[in-house]
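User: I would like to go through this model and ask, term by term, what justifies each label.

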Amino acid sequence: LTVLGIESSCDDSAAAVVRGDRTVLASVVEGQTGLHAAFGGVVPEIAARAHAERLDHCVEAALATADTHLRDLDAIAVTAGPGLIGGVLSGVMLARGLAAATGLPLIGINHLAGHALTPRLTDGVPFPYLMLLVSGGHCQFLAVEGPDGFRRLGGTIDDAPGEAFDKVAKLLGLAQPGGPTVEAEALRGDPRRFALPRPLLDRPGCEMSFSGLKTAVLRLRDDLVGAKGGLTPQDRADICAGFQAAVVEVLAAKTARALALSPAPTFAVAGGVAANGAIRAALQQVAQAAGATFVAPPLQLCTDNAAMIAWAGIEQLSAGMPPEPIIARPRWPLDSNAAPMLGSGK
Ligand code: ATP
Ligand code: FE
């Protein structure tokens, strides 16, 4: 099986060609950070236009790198949601056009399923496994039981950690995306200088909260600026270190709880925040203490990409799952128990 994947649900235009034996023949990602930099966040309309302009180049580049032609493919898989609807529609329309022109089967993929199945692409992890999906828009523990079997154990009740990293960077005048810049600052900082909250740490269950942490950083910044007229580079580094340490502690404690509630032979992370070295190290320790093998995909497959979408398509084809009509949807919960609208077309 060889499948073309197309991804455009947020601010990365991506296309990839992946083979059923888990070989990524090509994975092209064109980011848009420069386009949105002046606005302090992704502007949906700008993102949609950029996807419409770039996606066909991404597909051409992926096919060229893979040394493949459309006629050699077995299917086209495209992100059908959840995400910014203008971007999702750009990808779905392109995929529809390619499918109509070639007669290839078209598979609509849930972006979160793409992230959640990535450990199988990168490490061949067998079902079932437990994972933490942690990104700019999501944070949830999932028991993954099959290509379409996702059980949500708990997650954030407000912001996702990536969003918190991005907001903290913005508060401190650091570059976007905030994850990598805050992580770099934290390396030079003292995590003990400022005491920041660990929301919901002592509550039972796997629910998490990160918006209070972000507000605490805002207050801390304002207090320091009020007292001294500004922040020194060391203040910034110490705030970043304190913030990151709080995120690490919450994620590690809740991972331990998730593994206790739903033991699994493998614990995997995915999503952009899984690129964070301190978070990876802490989660690895927790997983090993619980007797689970720890899997963290390479960084370029942790953040948004189309290889995971192509792979999710391969999983669906291999499992003989009936193709559903493709509907672009801004919201699309993974856990079918929590998703009465799934597949109903509404
Ligand atoms: P979603 O996939 O949930 O719709 P998204 O598109 O924002 O959201 P990703 O591309 O998976 O998700 O991840 C991007 C997020 O990951 C950003 O918020 C970014 O700040 C964060 N991130 C990237 N690298 C790091 C890092 N080293 N440490 C912490 N966070 C990081
Ligand atoms: Fe994503």
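The exchange below takes up burial, the sheet, the ligand shell and the unusual backbone angles.

Analyst: Please keep in mind throughout that this is a predicted model.

User: Why is His 115 called buried?

Analyst: A residue is called buried if 20 or more other C-beta atoms lie within 10 Å of its own, and His 115 has 30 such neighbours, so it counts as buried. His 115 lies in helix 4, residues 111-123, and, leaving aside its neighbours within four places in sequence, it is in contact with Leu 133, Ala 270, Gly 271 and Met 308.

User: What makes Asp 304 buried or exposed, and where is it?

Analyst: With 28 other C-beta atoms within 10 Å, set against a cut-off of 20 or more, Asp 304 is buried. Its place is in the loop between helix 10 (299-302) and helix 11 (307-318), where, not counting residues up to four places away in sequence, Asp 304 touches Glu 7, Cys 10, Asp 12 and Ala 14.

User: Which residues does the UniProt annotation "binding site" cover, and how do you know that they cluster in space?

Analyst: The annotation, which comes from an unreviewed UniProt entry, covers His 111, His 115 and Asp 304. These residues are spread over 194 residues of sequence, yet the largest C-alpha distance is 8.8 Å, and that is the basis for saying that they cluster.

User: Which residues come nearest to ligand 1, and what is the shell around it composed of?

Analyst: Of the 22 residues around ligand 1, those that come nearest are Gly 136, Gly 137, Gly 162, Gly 179 and Gly 272. The shell divides into six nonpolar, 12 polar and four charged residues, and glycine is counted among the polar ones. Helix 5 (161-171) and helix 6 (178-187) each supply at least two residues of this shell.

User: Why are strand 3 and strand 5 said to stand at the edges of the sheet?

Analyst: The open sheet has five strands in the order 3-2-1-4-5, with mixed pairing. Strand 3 (24-31) and strand 5 (106-110) each have a single partner strand, so one side of each is left without a neighbour in the sheet.

User: How do you know that strand 2 and strand 3 pair?

Analyst: Pairing requires at least two bridges between the strands, and strand 2 (residues 12-19) and strand 3 share seven, in the antiparallel sense. Ser 13, for instance, has Glu 30 in strand 3 as its bridge partner.

User: What makes the peptide bonds before Pro 82 and Pro 128 worth noting?

Analyst: Most peptide bonds are trans. The bond joining Gly 81 and Pro 82, however, is cis, with omega about -15°, and the bond from Phe 127 to Pro 128 is also cis, with omega near -10°. Pro 82 is found in the loop between strand 4 and helix 3, whereas Pro 128 lies in the loop between helix 4 and strand 6 (129-134).

User: Why is Arg 22 called partly exposed while Asp 67 is called exposed?

Analyst: The label exposed applies at 12 or fewer neighbours, and partly exposed covers the range between that and the cut-off for buried. Arg 22 has 13 C-beta neighbours inside 10 Å and therefore counts as partly exposed, while Asp 67 has 10 and therefore counts as exposed. As for the backbone, most residues other than glycine have a negative phi. Arg 22, in the loop between strand 2 and strand 3, has a positive phi near 75°, and Asp 67, in the loop between helix 2 and strand 4, has a positive phi of about 55°.

Key. Residues are numbered from 1 along each chain as its sequence is written. Chains are lettered from A and ligands numbered from 1 in the order in which they are written. This is a predicted model: local features need pLDDT of at least 70, side-chain atom pairs count only at pLDDT 80 or more; totals for chains, interfaces and linings use all residues. A residue is near a molecule or strand if its C-beta atom, placed from the backbone, lies within 6 Å of it. Helices (H or I, at least four residues) and strands (E, at least two) are DSSP runs, numbered from the N terminus. UniProt positions are given in the numbering used here, feature names are shortened, and annotations may be inferred rather than shown by experiment. Two residues are in contact if their C-beta atoms, placed from the backbone, lie within 7 Å.
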